[in-house]
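I opened the model with a short list of things to look up, and I kept these entries in the order in which I looked.

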Amino acid sequence: MLAIEISKPGGPDVLVPVERAIPEPGPGEVLIRVVAAGINRPDVFQRMGSYAPPPGASDLPGLEVSGEIVAGDAQAGGFRIGDAVCALTPGGGYAEYCVAPASNCLPVPAGLSAVDAAGLPETCFTVWSNVFDRGALAPGERLLVHGGASGIGTTAVQIAHALGHEVYATVGSDDKVRAVEALGATRGINYRTQDYVDVVKAATDGRGVDVILDMVAGDYINRNLRCIADDGRIVVIALLGGGKAEISMSHILLRRITLTGSTLRPRSVEFKAQIAQSLRERVWPLIEQKKIRPVVHATFPLRDAAQAHALMESSGHTGKILLTA
């Protein structure tokens with residue numbers, strides 16, 4: 001099969017097409033003939049040598065795919081050979097065939113193309129786990145999403161809006177402000193020209209938001225504390241702004257703020273299977289009702305993975321970047 005290998009740590013040009021043997025599924029796993037694979041920030045960090053795959057995972061990048069189950073233990077996920085699925089994988093998605101745990105697969109939603117479905121797993125699993133499970137966003141509460149125009153950001157905005165929440169999103173341009181507001185954000189905030197703390201506090205009569213999904217960290221943490229409501233939850237899922245922050249503990253003590261974080265890739269198959277079940281019950285119907293859709297900015301042939309990574313690093317995209325096998 002054709003696969004994309006990281007030849008050495010470095011820039012996008014270290015991604016090279018190679019021929020590899022088709023992987024074999026183990027117990028509880030399925031082999032998927034890949035139609036498309038999603039590009040995600042962890043792929044970029046892995047390519048740069050700063051994010052190693054978890055033990056037992058493929059060394060190939062790629063954390064989500066869509067395609068057809070062609071072999072393996074399909075019944076372990078309630079599927080059959082020949083079913084069209086999208087799947088969260090611990091690695092190996094940049095290839096014509098990929099192995100995934102059957103329990104971490106979901107059916108391609110009715111009315112959605114197999115290519116577009118590749119943009120669902122990583123973002124939906126991440127958003128549900130961190131906003132609704134860890135962040136415990138409850139009815140009537142407000143959400144602030146940093147990186148609102150990213151794949152995760154556009155998904156978080158749509159799911160929260162579809163479930164009736166007021167959503168604020170920080171983005172890097174006025175065009176992206178309009179894009180996230182079209183997806184359901186109550187207010188898009190251009191962080192290059194506006195102070196999101198002031199905007200959020202003014203829009204909420206000084207109360208702030210109840211949950212913040214933060215993929216920036218760094219100096220955003222103290223600013224988050226200034227616009228989070230009492231008893232609010234800040235959930236950090238990436239460190240694009242740096243891994244260190246000096247924070248005022250008085251906010252946390254006096255206002256009962258929770259500051260937490262998580263990474264999805266190292267978690268167990270069983271943990272991810274629970275998220276998959278929640279998505280199937282709560283989010284997949286919304287996708288089939290066209291209340292949520294994957295926002296696909298661009299697709300590239302598998303061989304052009306380097307170009308796809310260059311686009312992601314430019315931050316010139318809104319939504320997902322996909323590879324087609």
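In which strand is Asp231 found? I located Asp231 in strand E12, and I note here that I am working from a predicted model.

**Entry 1: backbone angles.** I looked at Asp231 for its phi, which is positive at about 70° although the residue is not a glycine. Most residues other than glycine have a negative phi. I then checked how far Asp231 is covered, and because its relative accessibility is 38%, it counts as partly exposed. Ser315 also went into the notebook, since this residue is not a glycine and yet has a positive phi of about 60°. I placed Ser315 in the loop between helix H11 (305–314) and strand E15, and with 37% relative accessibility it counts as partly exposed. I added Gly164, which follows helix H4 and has a positive phi near 95°.

**Entry 2: helix H4 itself.** I went through H4 from its first C-alpha to its last and noted 12 residues reaching 17 Å, close to the 16 Å expected at 1.5 Å a residue. Is H4 mostly covered or mostly exposed? I found it mostly covered, with 10 of its 12 residues buried. The buried residues are Gly151, Ile152, Gly153, Thr154, Thr155, Ala156, Val157, Gln158, Ile159 and Ala160. I also listed what these buried residues pack against, and the partners are helix H3, strand E8 (142–146), strand E9 (166–171), helix H5 (174–182), strand E11 (209–214) and strand E15 (320–324).

**Entry 3: H3 against H4.** I took the pair formed by H3 (residues 121–134) and H4 (residues 151–162), whose axes come within 9 Å and cross at roughly 60°. That angle makes H3 oblique to H4, and I recorded the crossing of H3 past H4 as right-handed. On the H3 side I listed Thr123, Cys124, Thr126, Val127, Trp128 and Phe132, which meet Gly151, Ile152, Thr155, Ala156, Ile159 and Ala160 of H4. Sorted by class, the residues of this contact are 8 nonpolar and 4 polar, with no charged residue among them.

**Entry 4: H3 against H9.** I stayed with H3 and turned to helix H9 (residues 269–282), where the two axes come within 10 Å and cross at roughly 95°. H3 and H9 are therefore roughly perpendicular to each other. In this contact Cys124, Phe125, Trp128 and Ser129 of H3 meet Phe271, Lys272, Ile275, Ala276, Ser278, Leu279 and Arg282 of H9. I counted the classes as 7 nonpolar, 2 polar and 2 charged residues. I marked Cys124 and Trp128 in my list, since they appear in the contact with H4 and again in the contact with H9.

**Entry 5: H6 against H7.** At what angle do helix H6 (residues 196–203) and helix H7 (residues 220–227) pack? I read an angle of about 15°, with the axes 9 Å apart. H6 and H7 are therefore roughly parallel to each other, and H6 passes H7 in a right-handed crossing. The contact is made by Tyr196, Val197, Val200 and Lys201 of H6 together with Tyr220, Arg223, Asn224, Arg226 and Cys227 of H7. By class I have 5 nonpolar, 1 polar and 3 charged residues for this contact.

**Entry 6: Asn40 and Val44.** I found Asn40 in the loop between strand E3 (29–38) and helix H1 (41–47), and because its relative accessibility is 6%, Asn40 counts as buried. Leaving out residues up to four places away in sequence, I listed its contacts as Leu63, Glu64, Glu122, Met312 and Lys320. Val44 lies in helix H1 and is buried, with a relative accessible area of 2%. Beyond its neighbours within four places in sequence, Val44 is in contact with His309, Met312 and Glu313. I also noted that Val44 and Gly11 are 33 residues apart in sequence and 8.6 Å apart in space, C-alpha to C-alpha.

**Entry 7: Ala238.** My last residue was Ala238, which lies in the loop between strand E12 (228–236) and helix H8 (249–255). Not counting residues up to four places away in sequence, Ala238 touches Asp214, Met215, Val216 and Ala217. From C-alpha to C-alpha, Ala238 and Ser262 are 8.4 Å apart in space, with their positions 24 residues apart in sequence numbering.

Definitions and conventions. Residues numbered from 1 in each chain as written. Predicted model: local features only at pLDDT ≥ 70, side-chain atom pairs only at ≥ 80, totals over all residues. Heavy atoms only, no water. Axes fitted to C-alpha atoms, helices over the stretch in contact; angles between N-to-C directions. Helix = DSSP H or I, 4+ residues; strand = E, 2+ residues; numbered from the N terminus. Parallel < 35°, antiparallel > 145°, perpendicular 65-115°, else oblique. Left-handed = near helix turned anticlockwise from the far one by under 90°. Contact = heavy atoms within 4.5 Å. Nonpolar A, V, L, I, M, F, W, Y, C, P; charged D, E, K, R; others polar. Expected span 1.5 Å × (residues − 1). Buried < 20%, exposed > 50% of the residue type's maximum accessible area, 1.4 Å probe, protein only.
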